[in-house]
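I opened my notebook today to look up a few local features, one entry at a time. Here is what I wrote down, in the order I went through it.

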4 protein chains.
Amino acid sequence: MPSPHIAPHDDAPIPALAEHFQRVRGQTERLIQPLSAEDCQLQSMPDASPAKWHLAHVSWFFETFVLERFETDFKPFDAGFRVLFNSYYNGVGDKYPRPQRGLISRPSLQEVLDYRAQVNARVLNLLATTNKTLYRELAPLITLGLHHEQQHQELLLTDIKHALSFNPQGPAYARRWPLAGIHPQPVRWHGYAGGLVRHGFEAEQDGMFAFDNETPRHPAYIAPFELASRLVTNGEMMAFIADHGYQRPELWLSLGWDWVQAGQHRLPLYWLDHAHHKDYRHFTLQGLAAVDPNTPVCHLSYFEADAFARWAGARLPTEFEWELAARTLPASEGPAGNFVENAAYHPLPQQEPGHGAPTQMLGDVWEWTQSNYNPYPGYKPWEGLVGEYNGKFMCNQFVLRGGSCATPRSHIRASYRNFFPPDAQWQFSGLRLARDA
Amino acid sequence: MPSPHIAPHDDAPIPALAEHFQRVRGQTERLIQPLSAEDCQLQSMPDASPAKWHLAHVSWFFETFVLERFETDFKPFDAGFRVLFNSYYNGVGDKYPRPQRGLISRPSLQEVLDYRAQVNARVLNLLATTNKTLYRELAPLITLGLHHEQQHQELLLTDIKHALSFNPQGPAYARRWPLAGIHPQPVRWHGYAGGLVRHGFEAEQDGMFAFDNETPRHPAYIAPFELASRLVTNGEMMAFIADHGYQRPELWLSLGWDWVQAGQHRLPLYWLDHAHHKDYRHFTLQGLAAVDPNTPVCHLSYFEADAFARWAGARLPTEFEWELAARTLPASEGPAGNFVENAAYHPLPQQEPGHGAPTQMLGDVWEWTQSNYNPYPGYKPWEGLVGEYNGKFMCNQFVLRGGSCATPRSHIRASYRNFFPPDAQWQFSGLRLARDA
Amino acid sequence: MPSPHIAPHDDAPIPALAEHFQRVRGQTERLIQPLSAEDCQLQSMPDASPAKWHLAHVSWFFETFVLERFETDFKPFDAGFRVLFNSYYNGVGDKYPRPQRGLISRPSLQEVLDYRAQVNARVLNLLATTNKTLYRELAPLITLGLHHEQQHQELLLTDIKHALSFNPQGPAYARRWPLAGIHPQPVRWHGYAGGLVRHGFEAEQDGMFAFDNETPRHPAYIAPFELASRLVTNGEMMAFIADHGYQRPELWLSLGWDWVQAGQHRLPLYWLDHAHHKDYRHFTLQGLAAVDPNTPVCHLSYFEADAFARWAGARLPTEFEWELAARTLPASEGPAGNFVENAAYHPLPQQEPGHGAPTQMLGDVWEWTQSNYNPYPGYKPWEGLVGEYNGKFMCNQFVLRGGSCATPRSHIRASYRNFFPPDAQWQFSGLRLARDA
Amino acid sequence: MPSPHIAPHDDAPIPALAEHFQRVRGQTERLIQPLSAEDCQLQSMPDASPAKWHLAHVSWFFETFVLERFETDFKPFDAGFRVLFNSYYNGVGDKYPRPQRGLISRPSLQEVLDYRAQVNARVLNLLATTNKTLYRELAPLITLGLHHEQQHQELLLTDIKHALSFNPQGPAYARRWPLAGIHPQPVRWHGYAGGLVRHGFEAEQDGMFAFDNETPRHPAYIAPFELASRLVTNGEMMAFIADHGYQRPELWLSLGWDWVQAGQHRLPLYWLDHAHHKDYRHFTLQGLAAVDPNTPVCHLSYFEADAFARWAGARLPTEFEWELAARTLPASEGPAGNFVENAAYHPLPQQEPGHGAPTQMLGDVWEWTQSNYNPYPGYKPWEGLVGEYNGKFMCNQFVLRGGSCATPRSHIRASYRNFFPPDAQWQFSGLRLARDA
């Protein structure tokens, strides 16, 4: 996930911000309604966090960076939370070891919800009583906190999916059956001339807010290329498996082949093995389900996405190729919001084929690009605690673009850069093919 | 913990067994009353299990080995529990991976309590409707199940203590302050002539039940030796620490020294580091507390106990030396029951110095012996699923004797053999010194 | 090291190629003259290989890719060598596990030298008897084999340095004392306008040969930037250390900080710890020596180079910035050959300050760039066994440029891309600072 | 291997000791005659040492414990050897890390042989010039050093076998083909009444020397038992394999089953896999050879020996049962010397069936016992550096008895206790069955 960073400016009026605050905060709590206190306690790996921790951490962000700074007579809800719910801000002080977040049974879920309620009331009170001058400082921090919370909304879903998958009884996060499948769609290739193109956050098109890693806008040269009209599907992944894709070293990066062998990977994450290489089932947020061949394949690592592309005689796009294509999409309803998964998959209106544009660009699955997560030329981290060495994650990670079915709709934009290491599988990550023109 | 095994015989009348069943089962539930559903979910290491798992597993034992065999028209409470709550019985079928027990949020704690209630009702119904012949088969299995459950009562406490200790806010399992300390007591040495002595379970003295590893009773030769009148105290451990005991390789077994260095051990488990090597505090089931110098030291690994004994110019007793001494204790009230810990420590009546016998032999802390956990000569595992390769744990473990403050009183006897690997610290394990006469 | 690849064409006359062949092959053997058979057996980590293995592997390359294909009645020197000395060519068949190369005492060093002699004779015989048509196929493979051998000449030196460093008696690869130091040189900044610039191998300037990863030549946009006039020195690294650079997380990439803590890194590789943070000594190929403050710092990981640059308020250059600067160097004698190290360091003629160009660009230490090792746009691996999935190493590695004091002079060129993972220290790797204009 | 310890007394006249010294020292050098300097450099795992290290370490023992103490104007051969060739004596000072012994190419093999020659000359000179009083101190140390050297003679063979086995070309330590096999011999069971029996070193029967772990002689009670007339054979191990012995958890200790699964063990060490479970081949000191079904099975871990015994409906003997049987062997020629292996196996004269005694007790393969390696009651380590915490290895190891075909003949005796952890396979270790009477 991108390091949160202060937006350059935010001139929304106070009531609109308060309303936005309540909407985003409320959405987080809606996400845990299907979960018990015990569900919210689970941590299945160091990279994932308990739902309860997500609920508390996003509130800690407001308490630490907003209330502590702007409230007169600030008193913490609980002094120990400063350490417990710090993620990685060394500037804030100590932090509780990440792999042990699942060992914090106290505070209870109810106490964390009380914490949220108090933070909400105090932030809203601050907004109601602030003056114009202070508001100019306050508003960007609150806006940042809300975008930060939206990132954790998606992580909460990816992490609870991972945790529940360890239960052999196949529990569902939520049941929404039956759901319509989607129809097969042949791949077409869309050509782009490229050239010297400007990339990065552009307020007019991308909205009021961006993380610092989307800036500065800058030129980059792109050679002519072609992009597939849709995402790679589960059915195509089955063909890769049937063609022994997981057993052929020549299809894999050297590190990817090491990863395949060390983890004995033979299928995408969550797929259940099957004797005859068909009728696969997989674990979803709706429980166990048949793998639908027309739905975009998901939960691939970069290694798998790269190997599939090589097998298909194509390659992954760069993040700039992807962004160039995304900027030429026809204006329409925009991306999907939470939350549609798998057999529950519905093609979105703006993604219907039309003016020759690719479909499924926004809000379906995160698309692995071949671009390393690097700073843009001229990149400068912001000052202050919230900008604590923002570039520190820019090593051995790859950029994903487009947002997934679990990404809040208002969090999706053409300039957004998500990033994960090449072995990460538990995000809603798939791929789209590209090739040189 | 010893492998549970069928008692040779049990002639208690049916109502007495039903009453015993209800008492032991009820005690397990009383142990979790201070805990929330989230607390009961915690698993802090592969060797420890969530409280919820303990609650379910001991019921699984009755369901699998009693109800499934003796109930007409047996139907499992939940077919999936057979795998989820199997510990290590390969004969029963698959088992869920031990390190992932903390990832089972469903069934919930409430569902597990419902499971317990149903199993209780069905077992009691079985007892109420059984005939004499069947009862001869049934009673030993139920008795075994209850002793098995008592083992898990202690494990539930050691495991929840370990899990709660990761919470930097120092939560208490239960608060019982203030509690009286105990008075210093000088060590005296009690001499024993030894000779060819019979060891192992002896029904007249040890009661109606024994695990198979306590049998057969057999002779062993013991050279003359002396045993300390009391356990080693926290104050003596502080002297060891102050004398740089954790930094001197000549005091340690070679594997123990590796363990010290790999884990950077400088204090017993749960002790908090302290700049001036005094006024130590430690984590207890009552929360954080001062270390009382007169209380027996606890949570030592075998390596630490062995190093302390070498530093003190003595050695650990063998399990036969310990048993010989335990058999000569004056008859008195017997061992303590659940649950007294640490600053809460009270010397028990039978352990008052008196007829020249050592004190604190039963129900204070488990005492490491220098004896490897081996089969007694002529040892034979019982037949059937419950006796599944009983000797399989007899490798690289050491015997502990005497029971701890967390051991149910009726579970303590002179012939009982507890066992753990030499690096285990999370049990209530301490030591008593011995030396050659 | 770059994957070897076939040069597009090579029109050198046969006698010149034979002479080149003998010169490069002879140089490899000169490199092991200071070493015993036991020295040549050492393997200090999986990433490094024994000198004996290098000697054999580069001959295996000629035997497998040249003799086997072009010799009539080809018979292998020893059929087992096909597996033993294969590095990573899956297409050739099995390969012996890399971490165990140091366990191959037989063939002996002498037998490997005999192998070399036979391969030499057979290749020269082939050249002497080939016709023009065949030569067009043969020559590129031999040329490729010689460049491949030159890569291994440098690896042989880096690997033997690493292996000998484990000997507490501080042995020397070769002694060449005393050697003159170099004089301090203040840093100046050279400005570059950037723009849309073509990068990659260009035969006219870079010579007759390139690996495939240097192609195709392609445009990329570069923003204005400045480059330091010289490499970072040992003295500057001492200032970083004295300023607690290894203890300050804000200077490091997140993965870099993990690396510092896991490895307890406090000094560059080969530096000996010193109580007063001065008068450092380090292990060199000439044995133990004082660290000269004016010599370029060497054996840094990417993590260290990146942290130093951040501490210095600058950044690492991209590989294209570096290449742009390298292409504007004044024509002069060109880079140094084997072999000058550390206190033995002499500034090279072409690197004297002069026409405003940076110095120490070629043949001093490999310079870490911030560029990930990625394929150039339009990159296509060559066909055939020698081109076996060439791009397979393009993941989680960073590009180094410029060549080191251990690189054969004729192997250094402006387009050359070396690459290593960010934690690799044992190459002759340092850095030069850059900054935005 | 037992910790070396000072013999209680040694009254051999000086010339006899000098002659003994020369004989043992010369034998060590004869053992490396088939090896090159490169062979002597190999270290295949941390538990094994290079042959060169063995050659040097046993000389270091004489230099450090004899010459340094008794020579006037002692000067070390090389001051650095004190650290390089120290094994585990913390009292002597620092020691070089064990896993890196294979990285010491200098001193060369020739320099180590020079070191040996100088130490020999100086020890012999000391013996030639000592007086009676000094000799009483000197002689036990030299005797100890020679027994220590004999231990390393066997280790040198087990370690070089392990190292050479990594070479896919199947090199031989020495070739002695063809060799006669041995004839099948049915198992008979020899009964022993047991009782209170004295065990441990007994000078009259066991010779002039013992390590401290063989003392003090002490009584122990033994129940009646039976011992197999011969060792378990390769043929019987093949039957275990064919009966899926490596796939059946009920045959294994719990730790043993973990070991089988983690290491994917399916065959004894050095056996090559074979499609049809017959005609097995294995790596021997004579190179690759067919597995002879009548030869004792060898290179088993304790886990394998224990599982085999359980499969066979028997058990391993205790070390006291073994010793009791060994003390009743008919007087005959005594054990074999170096060196006979595998297909080269010849039954020894004293081991022919005769007076109802078991055969193959001494000098064939080390026999795993079920006895943990513990101190005998009343055990006291000797004073001084050579006795440095002798008991420190008495944890998680098992006793082996009887000596192997690689053990020097004069090093074999009924009281000798060898010991290794239960997963060790690379010693010449097999088993003999026992059962309760």
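Which residue forms a salt bridge with B:R327, and how far apart are the closest N and O atoms? I looked it up, bearing in mind that this is a predicted model. The partner is B:D206, and the closest N and O atoms are 2.8 Å apart. B:R327 sits in the loop between helix 10 (319–326) and strand 7 (366–372) of chain B, while B:D206 belongs to helix 6 (residues 203–206) of chain B, so the pair ties together parts that are 121 residues apart in sequence. I checked the burial too: both B:R327 and B:D206 are buried.

**Entry: more salt bridges**

I kept the general idea in mind that side chains of opposite charge can pair when their charged atoms come close. My search of the whole structure gave 96 salt bridges over all chains.

In chain B, I also noted B:R248, which forms a salt bridge with B:D243; their closest N and O atoms are 3.0 Å apart. Are these two buried or partly exposed? B:R248 counts as partly exposed because its relative accessibility is 25%. B:D243 is partly exposed as well, at 33% relative accessibility.

Next I noted a network in chain A: salt bridges that share partners join A:D206, A:E319, A:E323, A:R327, A:R401 and A:R417. One pair I looked up by name is A:R327 with A:E323, whose side chains meet at 3.1 Å, N to O. A:R327 and A:E323 are both buried.

**Entry: chain A as a whole**

I then stepped back to chain A. I counted ten helices and eleven strands there. Chain A has 437 residues, and 62% of them count as buried. How much of its contact map joins residues at least 24 apart? Among contacts between residues at least 6 apart in sequence, the share is 80%. The exposed area of chain A is about 16,100 Å², and carbon and sulfur atoms supply 55% of that.

I looked at the record as well. UniProt, in an unreviewed entry, lists residues 21–154 of chain A as "domain: DinB-like". In the model, residues 21–154 of chain A are 59% helix and 0% strand, and the end C-alpha atoms lie 17 Å apart.

**Entry: a patch shared by two chains**

Which residues make the nonpolar surface patch of about 350 Å²? I found A:L196, A:Y221, C:L196 and C:Y221. I followed up on C:Y221, which is in strand 3 (residues 218–222) of chain C. C:Y221 is partly exposed, with a relative accessible area of 32%.

**Entry: helix 7 of chain C**

Staying with chain C, I went to helix 7 (residues 234–242), where C:N234, C:M237, C:M238, C:F240 and C:I241 are buried. These residues cover an arc of only 155 degrees around the axis, which puts them on the same side of helix 7 of chain C. What do they pack against? I found helix 9 (302–311) of chain C.

**Entry: backbone angles**

A reminder to myself: most residues other than glycine have a negative phi, and most peptide bonds are trans. So I noted the exceptions I came across.

Just after helix 7 of chain C, C:H244 has a positive phi of about 65 degrees. C:H299 has a positive phi of about 65 degrees too, although it is not a glycine. I placed C:H299 in the loop between strand 6 (287–290) and helix 9 of chain C, and it is buried at 3% relative accessible area.

In chain A, A:H299 has a positive phi of about 60 degrees. A:H299 lies in the loop between strand 6 (287–290) and helix 9 (302–311) of chain A, and its relative accessible area of 3% makes it buried.

For cis bonds, I noted the one from C:R106 to C:P107, with omega near 10 degrees. C:P107 is in the loop between helix 3 (81–84) and helix 4 (109–129) of chain C. In chain D, D:R106 and D:P107 are joined by a cis peptide bond with omega of about 10 degrees.

**Entry: one loop in chain D**

D:P107 lies in the loop between helix 3 (81–84) and helix 4 (109–129) of chain D, and I found D:S87 in the loop between helix 3 and helix 4 of chain D. Is D:S87 buried or exposed? D:S87 counts as buried, at 13% relative accessibility. Leaving out residues up to four places away in sequence, D:S87 touches D:W53, D:H57, D:K95 and D:R101.

Conventions
Residues are numbered from 1 along each chain as its sequence is written. Chains are lettered from A and ligands numbered from 1 in the order in which they are written. This is a predicted model: local features need pLDDT of at least 70, side-chain atom pairs count only at pLDDT 80 or more; totals for chains, interfaces and linings use all residues. Side-chain values use heavy atoms; hydrogens and water are left out. Buried means under 20% relative accessible area, exposed over 50%, partly exposed in between (1.4 Å probe, protein chains only). Helices (H or I, at least four residues) and strands (E, at least two) are DSSP runs, numbered from the N terminus. The arc is that of the directions from the helix axis to the C-beta atoms. Contact means heavy atoms within 4.5 Å. Accessible areas come from the Shrake-Rupley method with a 1.4 Å probe; for residues, only the protein chains shown count as cover. UniProt positions are given in the numbering used here, feature names are shortened, and annotations may be inferred rather than shown by experiment. Patches are made of residues with over 30% relative accessible area and no salt bridge: like charges are joined within 9 Å, nonpolar side chains (Val, Leu, Ile, Met, Phe, Trp, Tyr) within 5 Å. A salt bridge is a side-chain nitrogen of Lys or Arg within 4 Å of a carboxyl oxygen of Asp or Glu.
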